[in-house]
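Me: I'd like to take a close look at a single part of this protein. Could you walk me through it slowly?

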Amino acid sequence: MNYVKLLLPVIVAVVIFILPTPDGLSFNAWLYFAIFMGVVVGLILEPVPPALVGLIGVGICIWFRIGPAGSGAVDANIKPAAAISWGLAGFSDATIWLIFAAFMIGLGYQKSGLGRRIALILLRALGKTTLGLGYAIAIADGILAPFIPSNSARSGGTLYPIVSSIPPMLGSLPDKEPRKVGGYLVWVSLAATCVTSSMFFTGLAPNLLAMTTAEKSGVEVISWMGWFMAFLPCGIILFLATPFLAYIFYPPTSKGSAEAAQWARDELEKLGQTTLKEWLMLGLAVFALVLWIFGGSFINATAVALTVMIAMVLLGIVTWQDIIGNKAAWNVLAWFGSLVTLAGGLKNVGFLEFVGKLCEANLQGVDPSTAMIILVVLFYLLHYFFASTTAHVTALLALFITIAASVNPDPAYVREVTLYLMLSLGVMGILTPYGTGPSPVWFGSGYVSGKDFWKLGFIFGMIYLVATLVICIPWVKYVAHAWL
């Protein structure tokens, strides 16, 4: 265990705590903020698993009886029962269970073989050229994205084993001609999953966490369809442009790859005919997507996801042992459940109200539209300091929502700013080799050097940021607002 990483979050929390409590903020609120920042540093450094970091933070707050509504007051008298009820509240959140169930649905894609078949079919159809391979990978990710909220599972788990098998067939290895094919395919794979993570509400697990955080900050919930429509034109443009942009900025030296298409054809032959499990999984996926889009008026999205999860077991797509053995899903339940609680506590103790008043004083007179752009750009660029989109959401989203409200308290304005902040969560993952879940997987393949990774991350990161601002803002204002 790295004891420096283990001690640093504690040191940060203690240093913040011993600093003078700012005027206008209670002792309890300052103590809570110190603990919260220690958790954020722990989430960034990961001296222990992130879920454990969150649980430690919640546990400490329960012991000090800070976090529940009203506990920020100096004379607060929070009962032990109220403290533990607050600490466990995140685990009863519907969105957290939606994330959990969606991870299980991703397991169904893996166990049934449907995810692998979809990717291979696309490679067979489009894999005769290197550019076609890039589009095949992007399309495969796009098809899976609405159903698999973990881009680590989707890109790093499902697509990486397939994509990584292609370059060696063409004589492209990390230490021998990586730019022939491998470097291009690796970059397209990562860049595409960042775009699809923003396109779909269920394309990235922190999207769901962000929505819950926003709701707890008083922002009206945005539907699955509202999210999709808000990013639609920007998403389509970036999705179609990404393989081509990679072809321009990181061109492969080999332009043809007929062997890849033949390999995919051979692999599909090994798979044989589509199995009953695959057909059943496809039917359940369509069922879930239709109800997520159109069923909001009569059925909750979490109920749909849980229904699909149960059906997968009853239909034999997965076993109950698969469900209880899916460590990633149970881990994310513990992780996000604690983070939702901690993020909500910032508002309960009065810290966000305090920050809002400070920002209101400093941003007074700034045009709301200008402030909106400044907030989105700052929120986006701060991702350079985060090794997890989840940590980014936990640390900054509620704070930025508060700042937006201080600029213009109109709920419609705050909701619009919040939407742009949330839409940026997927695409900001392209910035660094640690920016999103699958980044270390693709970076670790060795096909793209560290220098090139940072350079491409900056280029694509700026393209994605500008596109989000230039396309999404006018589109939402004048067209997509009807869907929100």
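Which residue forms a salt bridge with Asp-452, and how far apart are the closest N and O atoms?

Reply: Happy to help! This is a predicted model, in which local features need pLDDT of at least 70 and side-chain atom pairs count only at pLDDT 80 or more, while totals for chains, interfaces and linings use all residues. Residues are numbered from 1 along each chain as its sequence is written, and side-chain values use heavy atoms, leaving out hydrogens and water.

The partner of Asp-452 is Lys-455, with 4.0 Å between the closest N and O atoms. A salt bridge here is a side-chain nitrogen of Lys or Arg within 4 Å of a carboxyl oxygen of Asp or Glu. By that rule, the count comes to six. Both Asp-452 and Lys-455 sit in helix α23, three residues apart, or about one turn of the helix. (Helices are DSSP runs of H or I with at least four residues, numbered from the N terminus.) Asp-452 has a relative accessible area of 16%, so Asp-452 is buried, whereas Lys-455, at 45%, is partly exposed. The cut-offs are under 20% for buried, over 50% for exposed and in between for partly exposed, using a 1.4 Å probe and protein chains only.

Helix α23 also has a link to another helix. Lys-477 forms a salt bridge with Glu-416, and their closest N and O atoms are 3.4 Å apart. Glu-416 lies in helix α21 and Lys-477 in α23 (residues 450-478), so this pair ties together parts 61 residues apart in sequence. Glu-416 counts as buried because its relative accessibility is 16%, and Lys-477, at 34%, counts as partly exposed.

Now follow helix α21 to its neighbour. Helix α21 (residues 411-427) packs against helix α10 (residues 182-199) at an angle of about 155°, with the axes 6 Å apart. Axes are lines fitted to C-alpha atoms over the stretch in contact, and angles run from 0 to 180 degrees between N-to-C directions. The two helices are therefore roughly antiparallel, a word used for angles over 145 degrees. Their contact (heavy atoms within 4.5 Å) is made by residues including Cys-194 and Ser-198 of α10 and Leu-423 and Val-427 of α21.

Take Ser-198 as one example from α10. Its relative accessibility is 0%, so Ser-198 counts as buried. Leaving aside residues up to four places away in sequence, Ser-198 touches several residues, among them Trp-227, Phe-231 and Gly-426.

Methods:
Parallel < 35°, antiparallel > 145°, perpendicular 65-115°, else oblique.
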